[in-house]
Amino acid sequence: MSVSVEVEAPTSNRELAAWVNEIAALTQPDRVEWCDGSEEEWTRLTNLLVEQGTLTRLAARPNSFYAKSDPTDVARVEDRTFICSERREDAGPTNNWIAPGEMRQTFGELFKGCMRGRTMYVVPFCMGPLGGEISQLGVEITDSPYVAVSMRVMTRMGERALRLIEERGAARKAGESDGGANGGRSKRDHEQGDFVKAVHSVGAPLEPGQADVPWPCSSTKYISHFPETREIWSYGSGYGGNALLGKKCYALRIASVMARDEGWLAEHMLILKLTPPSGETRYIAAAFPSACGKTNLAMLKPTIPGWKVETIGDDIAWMRFGEDGRLYAINPEAGFFGVAPGTGQVTNANAIKTLWGNSIFTNVALTDDGDVWWEGLTEEPPAHLTDWKGRSWTPGSDEPAAHPNARFTTPASQCPTIAPEWQDPKGVPISAILFGGRRATAVPLVTESLSWQHGVFLGANVASEKTAAAEGKVGELRHDPFAMLPFCGYNMGDYFGHWLDIGRREGAQLPKIYYVNWFRKNDEGKFVWPGFGENSRVLKWIVDRLNGEAKAVPTPIGLLPADLDTQGLDLSDDDLRMLLTVDREVWREEAALIPGHFETFGSHLPKELWDEYNALLDRLG
Ligand code: GTP
Ligand code: SPV
Ligand code: MN
């Protein structure tokens, strides 16, 4: 039985209307609802979610909710994430690949009737400030109201995004009718259309009379990307990175392909604004793997007097060259989807202030008085909680109360340190780029690269201990180049080449590149560096270097601080030595890991990176 759900689409964009009808015909929802992004809509959908049992209203926080996911649907699923490029080689050795034809066939079956019994939401959205030159448009179709309300926090969603899609469509038509003389587009442009198409289903159709569950999802999961046609199809999960398709799927995997084709960068980076007591304000971008400290650094409260940090973004940066040759970055998102555990008054007071209301908390614990709690929120846990699985919990329980990848979804505008220019459509000029990861051993607190090319080499060699942000074994060391391993939409060897090309651009005023590690551990397994607000000392050294005011010591791996300000820190001489020196023996072992990593990319690995490897070996002696 096939029900027609063709509806009058409230849009003049024919491409959008036709696509929505096509997906509705395939997925057979009971209803189609176009999201306008209004407050009325938010209230209606959150009420609905409360009624359905997906959300619990928090008595202690205005307009805020708690969600408990299915216990199997708590993180990104990297082994179910696919880049469906026409050629396998274009997905590269680090991405899962399925031929687009085969994938479409699978989806043709999987999505057939998959929204039965549900409402299909059409969610137009804009990544980046509305109407901004660097911004990009998309539409997510989803059968999850949890996704629809989350998209309202995380993106510029609704009516205004829809109008921009219509304007773009109208401009394209005008371009076509004057024979392409004025903004006409290529065949490929035509295939890619006026907006990125993103289809999401939880993969749990309801038979007539069948009761729904609070967190519908499926054990069959696909998070698939079609880079040539700029499409995203996601099936079976309701979790952030798998389901909020504007985020990792669009703003990194699809956008990295756009960026390669158009000469810009789409990166897994925070953006912060740093103002010294006197002197020039600087903007810094930093790429750390998932759950390795971006949100925390972006909202850092400096411990050194007179320094000020403001926040532009905490997860994704899009960077383009300005006319002055500098790289200008925007945060394409409108909210933070942040790791809850470890976020507390002492570690990240600004995040805590951001979360005062209008927020959704997923897989945290519930207090008896209707508030949320997670490990690290307060030093002492409450005497009683309901844990993320809905069980009674006391401090004596042997499992954590919150899932280690519990997350908050909250508007960026509520962050007390949000920079006034965070929505400036032209972006902010980046002076320094930081790479880093979780490394208990070997890697010093901070290293300055010797050149852009050497910085790209450092980025290509980022390695980090795995976290709970993705399914898999936590703590295992893996290479995560540029913190983009799970997010690069094309061959990562070519991606390294793209970074090198950026550095060769005529007239480029390139940021300096640094490598940081907040996670060095001592013999007792304790973090040596206090981290969090104290990371401002490292930022200060970097800015002083940019200004030619700080000294550095050359080492085989790069330049290390000669004069890091550690005044007032409780660090032994041994600790400091561990953080700020390079052990040649250990680094020979580190270097021995590089060939195996590089060889994965075969002929796609730029020769310059082998040159850098050989230069490192020479310096190590
Ligand atoms: P994604 O949102 O997954 O991309 O992660 P992120 O890079 O934004 O990570 P986030 O800042 O949320 O930090 C993840 C975890 O690392 C939290 O539990 C933090 O408390 C912890 N963390 C952040 N900064 C530091 C630091 O400087 N030192 C230590 N020891 N832990 C830190
Ligand atoms: C990450 O895993 O890097 C995140 C969370 O920022 S998600 O949006 O789920 O990818
Ligand atoms: Mn992230």
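**A four-stranded sheet and a manganese site**

Modeller: In this predicted model, four strands form an open sheet with antiparallel pairing, in the order S20-S19-S21-S22.

Biologist: Which strands stand at the edges of this sheet?

Modeller: Each edge strand has a single partner strand, so one of its sides is left without a neighbour in the sheet. The two strands in this position are S20 (372-373) and S22 (392-393).

Biologist: Which residue of S21 is the bridge partner of threonine 367?

Modeller: Strand S19 (residues 365-367) pairs with strand S21 (residues 385-386) in the antiparallel sense, over two bridges. In S21, the bridge partner of threonine 367 is leucine 385.

Biologist: What is the largest C-alpha distance among the residues that UniProt lists for "binding site"?

Modeller: The unreviewed UniProt entry lists Lys248, His268 and Asp315 under that feature. They are spread over 68 residues of sequence, yet they cluster in space, and the largest C-alpha distance is 9.4 Å.

Biologist: Which protein atoms are the donors of the manganese ion (ligand 3)?

Modeller: The donors of this ion follow the spacing K-x19-H-x46-D along the chain. Lysine 248 lies in helix H9 and aspartate 315 in the loop between S14 and S15, so the pair ties together parts that are 67 residues apart in sequence. Lying 2.2 to 2.4 Å from the manganese ion (ligand 3), the protein donors are Lys248 (NZ), His268 (NE2) and Asp315 (OD).

Biologist: How is the geometry at the manganese ion (ligand 3) classed?

Modeller: Six donor atoms count as octahedral if opposite donors are over 155 degrees apart and all others between 65 and 115. At the manganese ion (ligand 3), the angles among the six donor atoms run from 68 to 172°. The class of the site is irregular.

Biologist: Is lysine 248 buried or exposed?

Modeller: Lysine 248 belongs to helix H9 (residues 246-262). Beyond four places in sequence, lysine 248 touches Arg76, Arg253, His268, Asp315, Ile316 and Phe487. Its relative accessible area is 6%, and residues under 20% count as buried, so lysine 248 is buried.

Biologist: What is the length of the polar contact that joins the side chains of aspartate 315 and lysine 248?

Modeller: Aspartate 315 is found in the loop between strand S14 (308-313) and strand S15 (317-321), and its relative accessible area is 9%. Its contacts beyond four places in sequence include Lys247, Lys248, Glu267 and His268. Both aspartate 315 and lysine 248 are buried, and the polar contact between their side chains is 3.0 Å.

Technical notes:
Residues numbered from 1 in each chain as written. Chains lettered and ligands numbered in written order. Predicted model: local features only at pLDDT ≥ 70, side-chain atom pairs only at ≥ 80, totals over all residues. Heavy atoms only, no water. Pairing = 2+ DSSP bridges. UniProt positions renumbered as here; feature names shortened; annotations may be inferred. Buried < 20%, exposed > 50% of the residue type's maximum accessible area, 1.4 Å probe, protein only. Contact = heavy atoms within 4.5 Å. Polar contact = N/O pair within 3.5 Å; in protein donor to acceptor, adjacent residues only side chain to side chain. Donors = N, O, S within 2.8 Å, 3.2 Å for Na, K, Ca; no water. Tetrahedral: all angles 85-135°; square planar, octahedral: opposite > 155°, others 65-115°.
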